[in-house]
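I opened this entry to look at confidence before geometry. The notes follow in the order I made them.

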Amino acid sequence: MLEFFPVELQSGFPTFITAIYTLMWGLVLASLIAITHKKTYTGFVYPDQFFISMILATLASTAVMMSIGDSLARGLGIFGALAIIRFRTRIEEPKNLLFLFSTLALGIALGVYGFSIAISSTFMFCLVAWLLHFFVERKNQKERFALVVTMETMELAAQIEQIIKPLSLKIRLVSQQKGKEATWQLEWQVVRVAGEAATSFLQQMSEIEGVLQVKWSKSGNLVRV
């Protein structure tokens, strides 16, 4: 099956045409996975850098596997080089980690010229991701986050709650404290259905006259709007 893929090796390395051909397949298939992740994402604000990282991870892993080939010496050399790198970025959601892992697995499959495996697994992975999104995530998933607003007067609190309530399942005022220069900082706990638009009402709050700063927090990480 798919025997028409050109795989011509010389001295253990692929030809230039073969390398470009393999990387092009990596770009196409990785883009399909990245688009699936973006369309099925149920978080608060979509991480654009994660979209780019998935595509680049596929190309990088493909290039690494083509460079190693069946040489043990090359594999040990690349392993030693990669051991120097320290990845500090935390991935909060297991789903995001699985999508990133799928792009790395795709690169590995393409790097050893397993085109049938790469193409079939990509389509199956994306299909299952879409099915789970429509039949599981959209019905059951809820998000809980903290909303912190700094304002000039307490009278603005009621106006802010009127904006939040239509898009929330539950809202509760957790704390209020007076800040510097006669400002007030209020914090709400909000429960909402994952996947619903949230950026718009955050922008509405930030445009209210007297609101100085709006921040939301999910998993303890504050993000300023």
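**Confidence, then one helix pair**

I looked first at the weak stretch: residues 220-225 stay under 50 in pLDDT, and the model has 16 contacts for them beyond four places in sequence. The model is predicted. Where pLDDT is low, the predicted coordinates should not be read in detail, so I left those contacts alone.

I then checked the protein chain as a whole. Its mean pLDDT is 75, with 70% of residues at 70 or more. By element, strand S7 (residues 221-224) has the lowest mean, 44, and helix H1 (residues 16-40) has the highest, 92.

Next I turned to helix H4, residues 94-111. Does its length fit its residue count, and what span should 18 residues give at 1.5 Å a residue? The expected span is 26 Å and the end C-alpha atoms lie 26 Å apart, so the two agree. Just after H4, I noted a positive phi of about 65° at Tyr 113.

I listed the buried residues of H4: Asn 96, Phe 99, Ser 102, Thr 103, Leu 106, Gly 107, Ala 109, Leu 110 and Gly 111.

Which way does helix H2 (residues 48-68) run against H4? I found that their axes come within 7 Å and cross at roughly 30°. Angles under 35 degrees count as roughly parallel, so H2 is roughly parallel to H4. The crossing is right-handed. On the H2 side, the residues in contact include Phe 50, Met 54, Ala 57, Ser 61 and Met 65. On the H4 side they include Asn 96, Phe 99, Thr 103, Leu 106, Gly 107 and Leu 110, and these six are also listed as buried.

Methods:
Residues numbered from 1 in each chain as written. Predicted model: local features only at pLDDT ≥ 70, side-chain atom pairs only at ≥ 80, totals over all residues. Heavy atoms only, no water. Helix = DSSP H or I, 4+ residues; strand = E, 2+ residues; numbered from the N terminus. Expected span 1.5 Å × (residues − 1). Buried < 20%, exposed > 50% of the residue type's maximum accessible area, 1.4 Å probe, protein only. pLDDT = per-residue confidence, 0-100. Contact = heavy atoms within 4.5 Å. Axes fitted to C-alpha atoms, helices over the stretch in contact; angles between N-to-C directions. Parallel < 35°, antiparallel > 145°, perpendicular 65-115°, else oblique. Left-handed = near helix turned anticlockwise from the far one by under 90°.
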